[in-house]
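User: I'd like a close look at one part of this model, namely its strands and what packs around them. Please take it step by step and spell out each cut-off as you go.

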Amino acid sequence: EVERLWGQGAVVVLKDKVNFKLPGMSGFPPHQDNGAGWQRFGQEHVSVALALEPSTAENGALQFLPGPWARERRMLHGEGQTMDSSDEAAVDSEAWEMVQMMPGDAVVFTSFSPHKSAPNTHSS
């Protein structure tokens, strides 16, 4: 079913992980996952972020930079790097869109989608 929905051939799980961001933990700087060397395993990858608890502005919900990155398969930074702080889009907080989620919600994005998250400032 995934192959049909995505319009591609075989779909393979590259990796799975859980990101815990306890109160007081830092966020993740602006980046694209393909910059982590994922292209060694294929040209395009899809991530599924599944909320296990509420994901809010206070606890550092994911934020995405709208644009044609996925369609154009365009990288905004080199391998092993994050987006350069001199890049206007990387520092313009108004350009980013936050995705707040409730448990069971999911967001699907490609390895070319620029994303980041803020620190978890929640007290408990």
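Analyst: **The strands and their surroundings**

Happy to walk through it. Four strands form an open sheet in the order β1-β6-β3-β4, and their pairing is antiparallel. At its edges are β1 (28-31) and β4 (97-98), each of which pairs on one side only. Two strands are called paired if DSSP finds at least two bridges between them. Helices (H or I, at least four residues) and strands (E, at least two) are DSSP runs, numbered from the N terminus. Please keep in mind that this is a predicted model, in which local features need pLDDT of at least 70 and side-chain atom pairs count only at pLDDT 80 or more, while totals for chains, interfaces and linings use all residues. Residues are numbered from 1 along each chain as its sequence is written, and side-chain values use heavy atoms, with hydrogens and water left out.

For orientation, the chain has 3 helices and 6 strands, and along the sequence they follow the pattern α-β-β-β-α-α-β-β-β. Of its 124 residues, 31% are buried, where buried means under 20% relative accessible area, exposed over 50%, and partly exposed in between (1.4 Å probe, protein chains only). Among contacts between residues at least 6 apart in sequence, 83% join residues at least 24 apart; a contact here means heavy atoms within 4.5 Å.

Back to the pairing itself. Strand β3 (residues 62-64) runs antiparallel to β4 over 2 bridges, and Gln-63 stands opposite Met-98 in β4. A further antiparallel pair, β2 with β5, extends over 5 bridges. There Ser-47 has Phe-109 of β5 as its bridge partner. The side chains of β2 (residues 46-50) alternate: Ser-47 and Ala-49 point to one face and are buried, whereas Val-46, Val-48 and Leu-50 point to the other face and are not.

What fills the interior? The largest nonpolar core has 7 residues: Ala-49, Ala-51, Leu-62, Phe-64, Met-101, Val-107 and Phe-109. Such a core is a set of buried Ala, Val, Leu, Ile, Met, Phe, Trp, Tyr and Cys residues joined through side-chain atoms within 4.5 Å. Strands β3 and β5 (106-110) each supply at least two residues of this core. Val-107 shows how these parts meet: beyond residues up to four places away in sequence, Val-107 touches Ser-47, Val-48, Ala-49, Leu-62, Phe-64, Val-99 and Met-101. In soluble globular proteins, nonpolar side chains tend to be buried together.

A search of the whole structure finds 1 aromatic pair. Phe-64 and Phe-109 form it in an edge-to-face arrangement, at 4.9 Å centre to centre and 65 degrees between the planes. Since Phe-64 lies in β3 and Phe-109 in β5, the pair ties together parts that are 45 residues apart in sequence. Rings of Phe, Tyr and Trp (its six-membered ring) pair if their centres lie within 6.5 Å; planes under 30 degrees apart count as stacked, over 60 as edge-to-face and the rest as tilted. Both Phe-64 and Phe-109 are buried.

Now to β6, where Ser-117 is located. Ser-117 counts as buried at 9% relative accessibility, and its side chain joins that of Lys-21 in a polar contact of 2.8 Å. A polar contact is a pair of N or O atoms within 3.5 Å; within protein, one must be able to donate a hydrogen and the other to accept it, and residues adjacent in sequence count only if both atoms are side-chain atoms. Outside its neighbours within four places in sequence, Ser-117 contacts Lys-21, Gly-27, Phe-28, Gly-60, Ala-61 and Leu-62.

Asn-120 follows in the segment after β6 (115-117) and is buried, with a relative accessible area of 6%. Its C-alpha lies 6.4 Å from that of Ser-26, although the two are 94 residues apart in sequence. Apart from neighbours within four places, Asn-120 contacts Lys-21, Leu-22, Pro-23, Gly-24, Met-25, Glu-58, Asn-59 and Gly-60. Of these, Met-25 sits in the loop between α1 (2-6) and β1, and Met-25 is partly exposed at 35% relative accessibility.
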